[in-house]
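Please look over the sequence and the model shown here. The briefing that follows takes up burial, overall fold and the nonpolar cores in turn.

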Amino acid sequence: VQLQASGGGLVQAGGSLRLSCAASGRTFSNSNMGWFRQAPGKERDIVAGINWTGGTILYADSVKGRFTISRDNAKNTVYLQMNSLKPEDTAAYYCAAERGIRLSTIIRTTPSGYDYWGQGTQVTVSS
């Protein structure tokens, strides 16, 4: 089971990036999934989460109106479109997936609520 995150990079403030998280080894169509981020010296915090159907979505207050999470279950992939990026968005971004047995609309917001993790992709926003 593997989650492969990609799409990070260096961008100027106000720019956009699209992160992708491709899952392999099993289907995650029944799994709630999330994007977290972690800056140096800080905790890993939820950025956005999406339930297994895509019908329930959650965003951190700091990214509401700027970031959009989506999923394509046929491709076993979850995306994070990030617009109007700010220097404070600079962090390593991680995708995460639950095991997929809950079939729940409740999105967990702490790292301990997820069973599988990608390797992280760095996003750096310059001012």
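**Burial and overall fold**

Of the 127 residues of the chain, 43% count as buried, where buried means under 20% relative accessible area with a 1.4 Å probe and protein chains only. This is a predicted model, in which local features need pLDDT of at least 70 and side-chain atom pairs count only at pLDDT 80 or more, while totals for chains, interfaces and linings use all residues. Residues are numbered from 1 along each chain as its sequence is written, and side-chain values use heavy atoms, with hydrogens and water left out.

*Fold*
- The chain has zero helices and 11 strands, helices being DSSP runs of H or I with at least four residues and strands runs of E with at least two, numbered from the N terminus.
- The radius of gyration, taken over C-alpha atoms, is 13 Å, close to the 14 Å that the globule rule (2.2 Å times the number of residues to the power 0.38) gives for 127 residues, so the chain is as compact as a globular protein of that length.

*Nonpolar cores*
- The largest nonpolar core, a set of buried Ala, Val, Leu, Ile, Met, Phe, Trp, Tyr and Cys residues joined through side-chain atoms within 4.5 Å, has 27 residues, of which Leu3, Trp35, Val47, Phe67, Leu80, Met82 and Tyr93 touch the most other members.
- Strands that each supply at least two residues of this core include strand 1 (2-6), strand 4 (33-38) and strand 9 (91-97).
- Apart from this core lies another, of five residues, among them Phe36, Ile46, Ala96 and Ile107.

Methods
Buried < 20%, exposed > 50% of the residue type's maximum accessible area, 1.4 Å probe, protein only.
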